[in-house]
Amino acid sequence: MDRLTPLLDRTPTPDSLRTLGKSDLPQLADELRSEIIAAASETGGHFGGGLGVVELTVALHYVFDTPRDRLIWDVSHQAYPHKILTGRRDRIRSIRQKSGLYGFTKRSESPYDPFGAAHSSTSISAGLGMALARDLTGGTNNVIAIIGDGAITGGMAYEALNHAGSLSSRLIVILNDNGMSIAPAVGALNDHLKTLRQSGTGSLFEGLGFRHVGPVDGHDVGSLVDTLEGLRDMPGDRPVLVHVVTEKGHGHPFKRPDKEMYHAVSKFDPVTLEFAKAKANAPTFTQVFASSLIQQAEQDERIVAITAAMPSGTGLDLFGERFPARTFDVGIAEQHAVTLAAGLASEGMKPVCAIYSTFLQRGFDQIVHDVALQRLPVRFAIDRAGLVGQDGATHAGSYDLAYMSMLPGMVVMAPADAIELRRMVATAMANYDGPIAFRDPRGAASGPDLACETRPLEIGRGRIVTEGNDVAILCLGARLEACLDAARELSAMGISATVADARFCKPLDTLLIERLAREHEILVTVEDGAVGGFASHVLQHLASRDLLGLLKFRSFTLPDAFVSHGTPAEQYVEAGLDGASITEGIRTLHATSSQMPAFKGYHRVPAHAGRSRH
C-alpha cells in the first residue's frame, strides 16, 4: 500500500491546511484516506464513517476558522480524519487503546473538539446552544453541526430543529446522507431523503424554518468548498441545512461487499487486505440470546422483537432473518422503542426490547411512565452490560442495574454464563405479567451452551456454586468466573469461600442472602455495575433484618468514576473487578477479621445445610 503523503505531511493542523491552494485539496483528501486505511490496518476501529467524510472534513477545516469556528460531529464515529487534521496524526495508531486517543470526540483531548459525542442526535442541540451563547456575548464565529441521516432519526434532533427554526440565530447544519447508521437507515425520513437526492425540492427542513441547500456531492471537495464558502460569507440570521450526499466506507480497499459498509473493522494486512483471524471462541452472549429468542419465538407467535438501529449488535438481525414480520427496527429512537413495546404489550403481544445498556438510558422516562407504572410485560434484553472495552465510558453499561432495579415491580436478572442466559430468556418469555429485564455483557459467554436448556427460573431465587466456611462471595452476573478464580486463590491461602450466583438483582433472594450472612464472618458482593446497584439492595436488606451484627460486609462494584477505554480485561483491572483484585480485597478483609474477637453474630446454620445449587 502506497503511503507517500507529501501534502498531509505539510498540513499537521488546519492553519497549515488553509495555506494550500484549492487545487491541492483532492490530492490531500486522497492522502488522508490512505492514512486512515493504513492506520486502521494496524489498529482496527471505526472505519466506514470516517472514509465517507474525508472530503467533507478537508473542506470544513479549509473553509472555516477552526477551532474558533465550532465543528460538532454527531456521534463522532466519523471523526478519525478530523483527528488526523487537527494535530493528532502522530497518535492515531493509539486510538481506542489504553492511554491512547479516544475513539470519539472529547473536549479534554483537543480544542478542536468543542463538544464530546458518542451517542447520537445531540449535535444540533449543542450547536444551537453554542450559537445562542455566541449571540448573547457578541461573538461572530460560525457554528457547524454535522449529523448523519441515521442520527437525524433520533427525536432529540427534531426537538432541536424545531427550536432552531423558530429563532434568528445563525447555525449551519450539515446533513451527511449516506443511507446508513450502522446498519442501513430505515423509516419514512430515509425515503424522504431519497426523494431529495433526486429532486432537491419540497424539503421537510424548509418547513421547519431552515434554508435548505443541496444536495451536494460529498466526494467532490471543490463543490463542497464552493458551497461552504458561500454559506460562510453570506449575511443572514436564518439557520441553514446543507444536504451532503456521501458513501459510507468510500474508497475502502476491500473487494467484498459489507452490509454495514465496514462500519468497524479489525486489524488487517495492508498488502493482502486479509483481516486478522480471530481465535475460535465460545458463542457470544449476544449470539446465545438471539438463538434462545428464536427458539422461543418458534413456539410462541406473540413474541416480537424491537431494536433501535442496532440489529446486528443486539442479535436481532438473526431474529429478523427468521421472523421478518415480527422484527421492528425503529431507527435511533430509544424512547419510541420502549413505548412501542408498551403498546404491543398492552394488546397481549410479548415484545422484547433489545437495546444496549448505555442507549437504554435515553428511554428511562418511558420505562418509568409507559412500562413500569402500568405494569406492562415488556421484556428488556439489555446488551453490552458492564464495561465494553475500546468504546470507553460513553458506551459502558454501568448504570442499568441501578436505574432498572429502583422501579417498583421490575424484575432484573443477570446471567453468569450461556446456560443461565438461556434460562433467563425462557423466564422472560414465560407468562409473567409484569416488566422483566435481563442484562448480559459484551463478548464470549462462559460455560457450555446447551440449546435444550430452556427451564424458566424461579423468580428471585439464586444458587450456590461452591461451598466454603470463612467467606461468602455473592456475585451477580458475568463476573462469576473472576469470583471463582478468587475462591481458588483464597483456598490456596487457607481461606475457604462460598461462591453464590444471585441471578436476580430484583427481587433479591433474601433467604440465600440471610443464610450467607449467618454462616460466614465475611460477606462480599460483586457486580459489574455502578455504585447504587445490587450491593445497595443487599445491604439495605441486611440492615432491615438487623443481620449486620459483627458481619464484615464489602461490595465490589464499578468505581464512582468513568473508566477510560482499553481492552475489557484492562478495564476490569482498573475497576478492581478482576480475580486478583477480588482476591486481594478479601484477603485483606479476612486478615483484619482474624485479629478481632471470635465471631459472635447470629447463630450459624451448620455448614452447607439445606443449600440449593439450582
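**Exercise 1. The largest cavity**

Which helices each supply at least two residues of the lining of the largest cavity? Describe this cavity in the predicted model.

*Solution.*

Step 1. A search of the whole structure returns 7 cavities of 30 Å³ or more. The largest cavity holds about 50 Å³ of space.

Step 2. The residues that line the largest cavity are Ile36, Ala39, Ala40, Thr43, His46, Tyr80, Ile84, Ile92 and Ile95.

Step 3. The helices sought are α3 (25-43) and α6 (80-88), each of which supplies at least two lining residues. The greatest contribution comes from α3, with 4 residues.

Step 4. By class, the lining of the largest cavity comprises 7 nonpolar and 2 polar residues, and no charged ones.

**Exercise 2. From the cavity to a neighbouring helix contact**

Determine how α5 packs on α6, and identify the residues through which the two helices meet.

*Solution.*

Step 1. Helix α6 has already appeared as a contributor to the lining of the largest cavity. Helix α5 (residues 54-63) packs with α6 at an angle of about 40°, and their axes are 9 Å apart.

Step 2. Angles from 65 to 115 degrees count as roughly perpendicular and those under 35 degrees as roughly parallel, so α5 is oblique to α6. The crossing of these two helices is right-handed.

Step 3. From α5, the residues Thr57, Val58 and His61 meet Pro81, His82, Leu85 and Thr86 of α6. This contact has 3 nonpolar and 4 polar residues, with no charged residues.

**Exercise 3. A second oblique pair**

Characterise the packing of α12 with α19, including its handedness.

*Solution.*

Step 1. Helix α12 (residues 285-297) and helix α19 (residues 418-429) pack at about 40°, with 9 Å between their axes. This angle makes α12 oblique to α19.

Step 2. The crossing of α12 and α19 is right-handed.

Step 3. On the α12 side, the contact is made by Phe285, Val288, Phe289, Ser291, Ser292, Leu293, Gln295 and Gln296. On the α19 side, it is made by Ala418, Leu421, Arg422, Val425, Ala426 and Met429.

Step 4. Sorted by class, the contact of α12 with α19 has 9 nonpolar, 4 polar and 1 charged residues.

**Exercise 4. Classifying a wider angle**

Is α21 roughly parallel or roughly perpendicular to α22? List the residues in contact.

*Solution.*

Step 1. The axes of helix α21 (residues 510-519) and helix α22 (residues 534-544) come within 11 Å and cross at roughly 70°.

Step 2. An angle of 65 to 115 degrees counts as roughly perpendicular, and therefore α21 is roughly perpendicular to α22.

Step 3. Helix α21 makes the contact through Thr510, Ile513, Glu514 and Ala517, and helix α22 through Val538, His541 and Leu542.

Step 4. The contact of α21 with α22 has 4 nonpolar, 2 polar and 1 charged residues.

**Exercise 5. The second largest pocket**

Give the volume of the second largest pocket and the class composition of its lining.

*Solution.*

Step 1. The volume of the second largest pocket is about 420 Å³.

Step 2. This pocket is lined by 20 residues, of which Arg442, Ala444, Ala478, Arg479 and Tyr572 are the closest to its centre.

Step 3. Helices α20 (480-492) and α23 (568-575) each supply at least two residues of the pocket lining.

Step 4. By class, the lining of the second largest pocket has 11 nonpolar, 3 polar and 6 charged residues, whereas the lining of the largest cavity has no charged residues.

Conventions
Residues are numbered from 1 along each chain as its sequence is written. This is a predicted model: local features need pLDDT of at least 70, side-chain atom pairs count only at pLDDT 80 or more; totals for chains, interfaces and linings use all residues. Side-chain values use heavy atoms; hydrogens and water are left out. On a 1 Å grid over the protein atoms alone, a cavity is a set of points where a 1.4 Å probe fits but cannot get out, and a pocket is an open set with protein on both sides within 12 Å along at least five of seven lines; lining residues have an atom within 4 Å of a point. Grid points are joined across faces, edges and corners, and a volume is the space filled by probe spheres set on the points. Ala, Val, Leu, Ile, Met, Phe, Trp, Tyr, Cys and Pro count as nonpolar, Asp, Glu, Lys and Arg as charged, and the others, Gly among them, as polar. Axes are lines fitted to C-alpha atoms, for helices over the stretch in contact, and angles run from 0 to 180 degrees between N-to-C directions. Angles under 35 degrees count as roughly parallel, over 145 as roughly antiparallel, 65 to 115 as roughly perpendicular and the rest as oblique. A crossing is left-handed if the near helix is turned anticlockwise from the far one by less than a right angle, and right-handed if clockwise. Contact means heavy atoms within 4.5 Å.
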